Amino acid sequence: MSAPEPGKKAARSTETGDHSTCAQQLRDGMDGIDVTVSAAVPLIVGPYTTEPFACPHGTLFWIEPTSEQVAKWRAEEAG
Ligand SMILES: [Zn+2]
């Protein structure tokens, strides 16, 4: 049994990846939909507010369409 070397970090998991890219990956996953991804609880729960999404690192992200995206949907609905 040997003590871990000082300054040597555990091997980085390739499954979970880097947390700094989590928000971007969520945005990329919303194919064609313009969204904002925030780790902050929404101040106002709107019609498009959904349940938070937990990334592999345990951080909750709220994904909401941008106001531009909502305006586009409304324009499409109006015909
Ligand atoms: Zn993460």
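## Exercises on a small sheet and its helices

Helix α2 is followed by Gly79, whose phi is positive, near 80°. Helices (H or I, at least four residues) and strands (E, at least two) are DSSP runs, numbered from the N terminus. The model is predicted: local features need pLDDT of at least 70, side-chain atom pairs count only at pLDDT 80 or more, and totals for chains, interfaces and linings use all residues. Numbering starts from 1 along each chain, as its sequence is written.

**Exercise 1.** Find the order in which the elements of the chain run from the N terminus.

*Solution.* Begin with the tally: the chain has two helices and three strands. Then walk along from the N terminus, and the elements read α-β-β-β-α.

**Exercise 2.** Work out how the three strands are arranged in the sheet.

*Solution.* Step one is to look for pairs, where two strands pair if DSSP finds at least two bridges between them. Strand β1 (residues 35-38) is joined to β3 (residues 60-65) by four bridges, and these strands run antiparallel. Here Ser38 faces Trp62, and Thr36 stands opposite Glu64.

Step two: β2 (residues 53-54) is joined to β3 by two bridges, again antiparallel. Ala54 stands opposite Leu60. Five residues lie between β2 and β3 in their hairpin, and Gly58 in the turn has a positive phi of about 90°.

Step three: put the pairs together, and you get an open sheet in the order β1-β3-β2. Because β1 and β2 stand at the edges with a single partner strand each, one side of each is left without a neighbour in the sheet.

**Exercise 3.** Determine which strands α1 touches, and place Gln25.

*Solution.* Use contacts, meaning C-beta atoms, placed from the backbone, that lie within 7 Å. By this test α1 packs on the sheet, touching β1, β2 and β3. Gln25 is found in α1, residues 22-29. Its C-alpha atom is 9.7 Å from that of Val37, twelve residues away along the chain.

Next, classify Gln25: a residue is buried if 20 or more other C-beta atoms lie within 10 Å of its own, exposed if 12 or fewer, and partly exposed in between. Gln25 has 13 such neighbours, so Gln25 is partly exposed.

**Exercise 4.** Is α2 covered or hardly covered?

*Solution.* First locate the helix: α2 spans residues 67-78, twelve residues in total. Next count its buried residues; the count is zero, so α2 is hardly covered. For the chain as a whole, buried residues make up 4% of the 79 residues.

Note on methods: The expected span of a helix is 1.5 Å times one less than its number of residues. Two residues are in contact if their C-beta atoms, placed from the backbone, lie within 7 Å. Axes are lines fitted to C-alpha atoms, for helices over the stretch in contact, and angles run from 0 to 180 degrees between N-to-C directions.
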